[in-house]
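Grab the model and let's work through some packing exercises together. Try each task yourself before reading on.

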Amino acid sequence: MTQVAVNEALARDRGIDLDDPKLALRVAAERLSTVRYVFLVQIEDGIATAAQRASLEYADAVLIGWPENDAPDVVDLDEQQQAQVAEHMRVMEDHIRKYAAMERDWDIDGMTDTLIRITERVAEIRRLYQPDFLLPTFAEIRRVVQQEWDEDMGKIDPKEPDPTAEQIEEQTEDADKQQRQIAEHADRSGQPEQPGQQHAGHHGEHHGDKA
């Protein structure tokens with residue numbers, strides 16, 4: 001993945017107005033969409049970790065419903081806000097350069113973390129242009145994804161839960177009770193009771209009465 005250079009002729013062929021004060025809104029979305037796709041290709045052949053899923057879903061959450069520049073809830077920025085957007089764009093591009101190097105080195109962990117950093121900058125740009133649109137934080141995304149990932153891993157590799165102390169105590173009491181019943185019967189009859197012996201004796205008494 002190489003850094004995109006601005007080509008005025010190409011931009012105008014695509015209908016991009018380089019003088020548009022909201023141009024950064026469109027560029028930020030396209031840049032994040034590109035790095036998100038690159039990341040997806042890198043992880044799609046395996047089982048994504050919770051961190052990888054969270055990184056990808058954070059980018060998705062920031063991009064969802066991305067507004068057009070002329071949307072009614074997209075505001076005009078003052079000079080200070082435009083300077084903030086420019087700084088976010090600069091940092092975003094620095095992260096993208098590092099991200100490209102990580103891609104070449106197959107550094108998936110580095111890409112996972114850097115995608116978060118890129119997304120954070122894009123989220124800040126969107127907040128400036130669309131202040132009334134609520135965006136989740138990465139921490140919120142990470143918490144939900146971790147819960148889902150734990151559940152998914154439980155389905156793939158189910159394990160019997162260890163018995164609790166209460167369950168162990170109940171099992172011990174049941175075993176002790178059964179042993180006491182056997183011992184009490186042995187004391188009364190002089191020999192251990194065999195399975196079915198008591199019922200057989202009762203049947204024999206009935207048959208004897210009839211004879």
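Three exercises follow, all on a predicted model.

**Exercise 1.** Find out which helices supply at least two residues each to the largest nonpolar core, and which one gives the most.

*Solution.* Start with the core itself: it has 41 residues, and those touching the most other members are Leu-32, Val-85, Tyr-99, Ile-118, Val-122 and Tyr-129. Next, go helix by helix: α2 (23-43), α3 (50-63), α4 (79-104), α5 (108-129) and α6 (138-156) each put in at least two residues. The top contributor is α5, with ten.

**Exercise 2.** Work out how α2 is oriented against α5: roughly parallel or roughly antiparallel?

*Solution.* First look at the axes, which come within 10 Å and cross at roughly 160 degrees. Angles over 145 degrees count as roughly antiparallel, so that's what α2 is relative to α5. The crossing is left-handed. Now check who's touching: α2 brings residues including Leu-32, Val-35 and Phe-39, while α5 brings, among them, Leu-115, Ile-118 and Val-122. Sort the residues of this contact by type and you get 15 nonpolar, three polar and two charged.

**Exercise 3.** Decide whether Gln-130 is buried or exposed, and list what Gln-130 touches beyond four places away in sequence.

*Solution.* Place Gln-130 first: it's in the loop between α5 and α6. Its relative accessible area is 3%. Buried means under 20%, so Gln-130 is buried. Its contacts are Pro-67 and Asp-73. Now try Tyr-129 with the same sequence cut-off: Asp-73 turns up there too, along with Pro-21, Lys-22, Ala-24, Leu-25, Val-74, Val-75, Leu-77 and Val-85.

How values were computed. Residues are numbered from 1 along each chain as its sequence is written. This is a predicted model: local features need pLDDT of at least 70, side-chain atom pairs count only at pLDDT 80 or more; totals for chains, interfaces and linings use all residues. Side-chain values use heavy atoms; hydrogens and water are left out. A nonpolar core is a set of buried Ala, Val, Leu, Ile, Met, Phe, Trp, Tyr and Cys residues joined through side-chain atoms within 4.5 Å. Buried means under 20% relative accessible area, exposed over 50%, partly exposed in between (1.4 Å probe, protein chains only). Helices (H or I, at least four residues) and strands (E, at least two) are DSSP runs, numbered from the N terminus. Contact means heavy atoms within 4.5 Å. Axes are lines fitted to C-alpha atoms, for helices over the stretch in contact, and angles run from 0 to 180 degrees between N-to-C directions. Angles under 35 degrees count as roughly parallel, over 145 as roughly antiparallel, 65 to 115 as roughly perpendicular and the rest as oblique. A crossing is left-handed if the near helix is turned anticlockwise from the far one by less than a right angle, and right-handed if clockwise. Ala, Val, Leu, Ile, Met, Phe, Trp, Tyr, Cys and Pro count as nonpolar, Asp, Glu, Lys and Arg as charged, and the others, Gly among them, as polar.
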